[in-house]
Amino acid sequence: MAHKVIITCAITGSVHTPSMSPYLPITPDEIAEQAIAAAQEGAAILHLHARDPKTGFPAPDPGLFRQFLPKIREATEAVVNISTGGGMTMTVEDRIQAAQTTSPEMASLNLGSMNFGLFPALKRKTEWQHDWEPDFLESSRDFIFRNTFSDIETILAQLGDANGTRFEFECYDVGHLYTLAHFIDHGLVKGPVFLQFVLGVLGGIGADPENLMHMKATADRLFGDQYRFSVLGVGRAQMPFAAMSASMGGHVRVGLEDNLYICKGELARNNAEQVKKVCDILTGLNLDIATPDEARAMLGLKGYDKVGF
């Protein structure tokens, strides 16, 4: 297949809080509506978290996922990718239960424990809808995002081996690539693998073009032709790094989980706006956009008929 670019859209995440944007989807209906619209604009993969519909707090409850997953499946052919990153207050057991019970085609898998600083956002906001928001952000000053070797082994076994779910391996730094190489060398992961290079999180590798080039060169050395990669640039790095990734032969990720804006100083009104914008960028680079079925073929996914929702 000639190179076609897979667009992933991360709909809500667990990083941003409701006070940061009135357009951040919170309820199951809002998540479903924005996911469907993103797919209609060209997103082949939908990366999904859930939130408490009353407070917006990140929530692991599979029952919440089951309120929007069937609606998305009914209305789109997009690949569903359920996060196992969860949120700061969740245990690893919490983080994997939604994917365990719904058996999606894809799930995210983070490849290392790290600092994950959200607290700088406190400087940009002074009024909050919910009391939990400033405390949640401040707590990240003393938070370690846990992803031990044992945690990774558990997710590989309970989701990959048990359900046939394949993974979006989220790589926040170069060392995470070597961790994945370890699991491949020991037969716990089989290629080809799908890497998501994450640049710009405070605690991970910075959003500098040289860093992306180094990540790509390291992946080439470790995995040869047995991988595909996508790039997630946090905040203002979103679209520049999408363009850079696509020009390097990679795929792209957008969405309100990673960036609340559509351009400088202007909040995105929905996820579909960002998908449309990145589609325009890709078209301008004379690149074709992958359909969901083309993404399935490229990533070796089990198919929508084998999910549990």
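Angles under 35 degrees between helix axes count as roughly parallel, those over 145 as roughly antiparallel, 65 to 115 as roughly perpendicular, and the rest as oblique. The structure examined here is a predicted model, in which local features need pLDDT of at least 70 and side-chain atom pairs count only at pLDDT 80 or more, while totals for chains, interfaces and linings use all residues. Residues are numbered from 1 along each chain as its sequence is written, and side-chain values use heavy atoms, with hydrogens and water left out.

We may start with the helices, which, like the strands, are DSSP runs numbered from the N terminus (H or I and at least four residues for a helix, E and at least two for a strand). Helix H1 (residues 28-41) packs against helix H9 (residues 271-284) at an angle of about 15 degrees, and their axes are 8 Å apart. Here an axis is a line fitted to C-alpha atoms, for helices over the stretch in contact, and angles run from 0 to 180 degrees between N-to-C directions. H1 and H9 are therefore roughly parallel to each other. Their crossing is right-handed, a term for the near helix being turned clockwise from the far one by less than a right angle, anticlockwise being left-handed. The contact (heavy atoms within 4.5 Å) is made by Gln 34, Ala 37, Ala 38 and Glu 41 on the H1 side, and by Asn 271, Ala 272, Val 275, Lys 276 and Cys 279 on the H9 side.

A second helix pair is formed by H6 (residues 174-185) and H7, which pack at an angle of about 15 degrees with their axes 10 Å apart. That angle makes H6 roughly parallel to H7, and H6 passes H7 in a right-handed crossing. Among the residues making this contact are Leu 177, Tyr 178 and Ile 184 of H6, together with His 214, Met 215 and Phe 223 of H7.

Helix H7 (residues 209-223) also holds both Lys 216 and Asp 220, which lie 4 residues apart, about one turn of the helix. These two residues form a salt bridge, with the closest N and O atoms 3.1 Å apart; the term denotes a side-chain nitrogen of Lys or Arg within 4 Å of a carboxyl oxygen of Asp or Glu. Lys 216 is buried at 18% relative accessible area, whereas Asp 220 is partly exposed at 34% (buried is under 20%, exposed over 50%, and partly exposed in between, with a 1.4 Å probe and protein chains only).

The structure holds 13 salt bridges. One of them joins Glu 168 to Arg 253, with the closest N and O atoms 3.1 Å apart. Glu 168 lies in strand S10 (residues 166-171) and Arg 253 in strand S13 (residues 251-254), so this pair ties together parts 85 residues apart in sequence. Glu 168 is buried, with a relative accessible area of 0%, and Arg 253 is buried as well, at 1%. Both belong to a network of salt bridges that links Glu 168, Glu 170, Arg 253, Glu 257 and Asp 258. Arg 141 and Glu 138 form another salt bridge, with the closest N and O atoms 2.7 Å apart; Glu 138 is partly exposed at 34%.

Finally, the cysteines. With a disulfide taken as a pair of cysteine sulfur atoms within 2.5 Å, the count comes to 0. The sulfur of Cys 263 is 17 Å from the closest cysteine sulfur, in Cys 9, which is too far for a bond. Cys 279 is in no disulfide either, the nearest cysteine sulfur, that of Cys 9, being 10 Å away. Cys 263 is partly exposed at 34% relative accessibility, while Cys 279 is buried at 9%.
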